[in-house]
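Me: Can you walk me through this one? I'll ask as we go.

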Amino acid sequence: MITSLTRRELRDLITKTWHGRLTPTEFLQRIYDLDALPSNDDRWQTYREDIEQHAERHEDWVPGWIFLDERL
């Protein structure tokens, strides 16, 4: 029988991302003050809102967007 911990570890290995188990917002918030950075989308005020909208809800940013964004 595979334990829930082992299942989680296997899932993480298979679906490994740059932000690990955290959301992109959770990961980047540990490094940057996302609420102090501006949004590039007129609908939002902060970078945090940009990330939540485009990288988490809709996933419409290109893969690797974190390495292309000049705000970081």
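Me: What volume does the largest pocket have?
Reply: About 240 Å³. A pocket is an open set of points on a 1 Å grid over the protein atoms alone, where a 1.4 Å probe fits, with protein on both sides within 12 Å along at least five of seven lines. Its volume is the space filled by probe spheres set on the points, which are joined across faces, edges and corners.

Me: Which lining residues are closest to its centre?
Reply: Trp-18, His-19, Pro-24, Ala-55 and Trp-65, out of 13 that line the largest pocket. Lining means having an atom within 4 Å of a point.

Me: Is this predicted, and how is it numbered?
Reply: The model is predicted, with local features needing pLDDT of at least 70 and side-chain atom pairs 80 or more, while totals for chains, interfaces and linings use all residues. Residues count from 1 along each chain as its sequence is written, and side-chain values use heavy atoms, without hydrogens and water.

Me: Which helix gives the most to that lining?
Reply: H3, with 3 residues. Helices are DSSP runs (H or I, at least four residues), numbered from the N terminus.

Me: And which residues of H3 are buried?
Reply: In H3, residues 47-57, they are Tyr-47, Asp-50, Ile-51, Glu-52, Gln-53, His-54 and Ala-55. Buried means under 20% relative accessible area, exposed over 50%, partly exposed in between (1.4 Å probe, protein chains only).

Me: What do they pack against?
Reply: Helix H2, residues 24-29.

Me: Phe-27 is in H2; what does Phe-27 touch?
Reply: Trp-18, His-19 and Leu-22, leaving out residues up to four places away in sequence. Contact means heavy atoms within 4.5 Å.

How values were computed: Helices (H or I, at least four residues) and strands (E, at least two) are DSSP runs, numbered from the N terminus.
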